[in-house]
Amino acid sequence: MAIAKAERLMNLALCLLGTRRPLTKRELRSSIEAYIEASSDDSFNRMFERDKDDLRELGLVIETVEGIEGDIGYLARRDSNRLPPITLDAEEAAALGLAAKIWQQARLAGAASGALQKLRAAGMPLAGDGGDYDAGQPHSALEPRIPAHEAAFEPLMLACRDRRPVVFDYRKSNAAHPEQRQVEPWILECWRGHWYVAGWDRERQAERVFRLSRITGKVRSRQGAFTAPVPDHVTVRETVESWAGETATGTARIRLRAEHGYPLRARALTVRELGDGWDELEIPNGHGLDAWLVEFGPDVVVLEPAELRADVIDRLRAVAKG
């Protein structure tokens with residue numbers, strides 16, 4: 001069945017590309033074998049409309065033209081279906097390949113895969129093809145991936161795109177129960193393997209950042225326009241990084257179990273072996289560090305400052321209570 005449909009689509013595309021004048025449905029039906037074998041006019045019309053939509057989704061520009069006698073005709077002009085040369089440098093090709101991987105679990109998975117296939121057909125090497133982007137640079141055997149498994153990712157992505165307010169239940173890391181938040185979402189950002197949405201919290205009348213993995217239940221869209229201006233993208237990215245602990249306001253001392261916590265060790269300013277399987281680290285301390293340290297569980301003990309130690313203990317107690 002898949003082969004028969006592919007052959008039917010190919011024949012329809014060749015007919016529309018090969019004609020110099022618009023072809024009516026009647027002419028197309030008499031020219032393509034699969035249409036001739038259709039059991040009825042209704043069956044043919046449904047088949048033709050699906051095929052026409054499939055070709056347009058594949059990128060074929062099909063024009064609908066009304067004739068002098070009122071007949072509707074179709075054609076695909078060659079000049080409208082000829083792409084200019086595609087030129088991408090190594091960084092651009094790698095970025096496209098990586099960006100397409102984000103949609104593997106989202107609604108745009110098919111469109112992203114189709115776009116990459118078209119670029120490959122044009123001779124453009126992309127991430128995952130196994131070829132070199134630059135003859136002078138070695139190709140890495142590691143394949144980067146950005147996970148997007150949270151159920152809230154797709155509805156929030158669409159809400160950011162369409163500028164639609166949303167409502168969702170959100171459980172903070174130090175809270176036992178979720179609470180409802182009304183948000184005007186601006187943008188999604190991935191940081192340290194986690195997705196965050198930045199936007200305007202209507203109840204608090206302030207900019208807020210929410211981690212998608214802490215959103216419970218469904219993300220529900222709301223009617224109406226945004227009430228707060230959307231800031232520049234760079235400003236939002238800085239907000240996410242600051243909220244998640246990228247911007248340091250001081251330092252903290254922690255005990256870290258040996259051979260554990262490599263992300264913490266990578267950011268450490270100093271590391272001192274304590275013996276008995278523990279090390280002492282001095283790391284940058286910023287907003288959100290307590291939430292990050294909790295993820296390492298019993299492998300981390302906060303020594304100072306006292307405020308950070310208390311925040312981590314509160315978060316661990318909240319997790320223990322469920």
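A residue is taken as buried when its relative accessible area is under 20% and as exposed when that area is over 50%. With this in hand, helix α4 is a good place to enter the structure, which is a predicted model. Its buried residues are Ser43, Phe44, Met47, Phe48, Asp51, Lys52 and Leu55. These residues lie on the same side of α4, because the arc they cover around the axis is only 160°. An α-helix has 3.6 residues a turn, so residues three or four places apart point the same way. Asp42 and Glu57, both exposed, sit on the face of α4 turned away from the buried side. The helix runs over residues 41-57 and spans 24 Å from first to last C-alpha, close to the 24 Å expected for its 17 residues. Just after α4 comes Gly59, with a positive phi of about 115°.

Next comes a small stretch of sheet pairing. Three strands form an open sheet in the order β1-β3-β2, paired antiparallel. As β1 (23-24) and β2 (63-66) are at the edges with a single partner strand each, one side of each is left without a neighbour in the sheet. Four bridges join β2 to β3 (residues 72-75), and Glu63 has Leu75 of β3 as its bridge partner.

Turning to the interior, the largest nonpolar core has 18 residues, of which Leu156, Phe168, Leu188, Leu212 and Ile215 touch the most other members. At least two residues come from each of α7, β4, β5, β6 and β8, and α7 contributes the most, with six. Beyond its neighbours within four places in sequence, Phe168 contacts residues including Glu179, Val183, Phe210 and Ile215. Another core, of 17 residues, lies apart and includes Ala13, Leu16, Tyr35 and Ile62.

Terms used. Residues are numbered from 1 along each chain as its sequence is written. This is a predicted model: local features need pLDDT of at least 70, side-chain atom pairs count only at pLDDT 80 or more; totals for chains, interfaces and linings use all residues. Side-chain values use heavy atoms; hydrogens and water are left out. The expected span of a helix is 1.5 Å times one less than its number of residues. Buried means under 20% relative accessible area, exposed over 50%, partly exposed in between (1.4 Å probe, protein chains only). The arc is that of the directions from the helix axis to the C-beta atoms. Two strands pair if DSSP finds at least two bridges between them. A nonpolar core is a set of buried Ala, Val, Leu, Ile, Met, Phe, Trp, Tyr and Cys residues joined through side-chain atoms within 4.5 Å. Contact means heavy atoms within 4.5 Å.
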